[in-house]
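Good morning. Please have the structure open on your screens, and I will talk through the contacts one at a time.

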Amino acid sequence: MADSDFGPLDVVLPGITPWLMGEYFKDLGGTDLGDGWSGADGWRARVLPAEDFVIGSIRAGRIRLQLEGTPEALARIRPQLDLKLIRGGG
């Protein structure tokens with residue numbers, strides 16, 4: 001994929017806790033930048049609360065992930081992050 005294939009993200013994700021997302025940021029080399037942001041050279045990301053997904057009596061927690069950075073930094077970390085975000089179950 002070309003560098004331009006990896007842009008900023010602003011997505012709602014189910015089944016991932018803020019704590020786990022923070023661990024993913026650390027795995028990508030990120031550190032605490034303050035004000036809820038984590039990041040490293042050329043990128044930063046944060047997790048915000050999102051409304052739970054509810055269908056009948058089933059409730060699944062969700063988070064909002066915001067990721068931004070230079071095209072080069074995003075091209076470097078997005079493939080790694082995308083692998084971490086793969087979830088089974090349909």
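Start with Lys-84 and Asp-27, whose side chains meet in a salt bridge, 3.1 Å from N to O. This is a predicted model, so please read every distance I give as computed from it. The two residues are far apart in the chain: Lys-84 belongs to helix H2, residues 71–84, and Asp-27 to helix H1, residues 18–27, with 57 residues of separation. Is Lys-84 buried, exposed or something in between? Lys-84 counts as partly exposed, at 25% relative accessibility.

In general terms, side chains of opposite charge can pair when their charged atoms come close. How many salt bridges are there here? The count is 6, and I will cover two others.

One of them joins Asp-10 and Arg-64, at 2.7 Å from N to O. Asp-10 is in strand E1, residues 9–14, while Arg-64 is in strand E5, residues 58–69, and 54 residues separate the pair. Both ends are partly exposed: Asp-10 has a relative accessible area of 46%, and Arg-64 has 30%.

Another joins Glu-68 and Arg-44, at 2.6 Å from N to O. Here Glu-68 is in strand E5 and Arg-44 is in strand E4, residues 43–55, 24 residues away along the chain. Glu-68 is partly exposed at 33% relative accessibility, and Arg-44 is partly exposed with a relative accessible area of 33%. Arg-44 has a further contact to look at: its charged end sits over the ring of Trp-37, 3.7 Å from the ring centre.

Now the strands behind those contacts. Strands of a sheet pair through backbone hydrogen bonds, either parallel or antiparallel. Which sense do we have here, parallel or antiparallel? The pairing is antiparallel, in an open sheet of 5 strands in the order E1-E5-E4-E3-E2. The edges are E1 and strand E2, residues 31–34, each of which pairs on one side only. From one strand to the next, the twist averages 35°.

Look at strand E5 and its two partners. E1 pairs with E5 over 6 bridges, and E4 pairs with E5 over 11 bridges. Within the first pairing, Asp-10 stands opposite Gln-66, and Val-12 stands opposite Arg-64. So Asp-10 has Gln-66 opposite in the sheet, but its side chain meets Arg-64 in the salt bridge. In the second pairing, Arg-64 is the bridge partner of Leu-48. E4 and E5 also form a hairpin with 2 residues between them, and Gly-56 in the turn has a positive phi of about 65°.

Next, where do the helices lie? H1 lies across strand E3, residues 37–40, as well as E4 and E5, and runs at about 155° to E4. H2 lies across E1, E4 and E5, running at about 150° to E5. Recall that the salt bridge from Lys-84 to Asp-27 links these two helices.

Last, the segment before E1, where we find Phe-6. Is Phe-6 buried or exposed? Phe-6 is buried because its relative accessible area is 10%, and the cut-off for buried is under 20%. Its C-alpha atom is 8.9 Å from that of Glu-72, although the two residues are 66 residues apart along the chain. As for aromatic pairs, a search of the whole structure finds 1.

That is the end of my list.

Terms used. Residues numbered from 1 in each chain as written. Predicted model: local features only at pLDDT ≥ 70, side-chain atom pairs only at ≥ 80, totals over all residues. Heavy atoms only, no water. Salt bridge = Lys/Arg side-chain N within 4 Å of Asp/Glu carboxyl O. Helix = DSSP H or I, 4+ residues; strand = E, 2+ residues; numbered from the N terminus. Buried < 20%, exposed > 50% of the residue type's maximum accessible area, 1.4 Å probe, protein only. Pairing = 2+ DSSP bridges. Phe/Tyr/Trp six-rings, centres within 6.5 Å; stacked < 30°, edge-to-face > 60°. Lys NZ or Arg CZ within 6 Å of the ring centre and 35° of its normal. Axes fitted to C-alpha atoms, helices over the stretch in contact; angles between N-to-C directions. Contact = heavy atoms within 4.5 Å.
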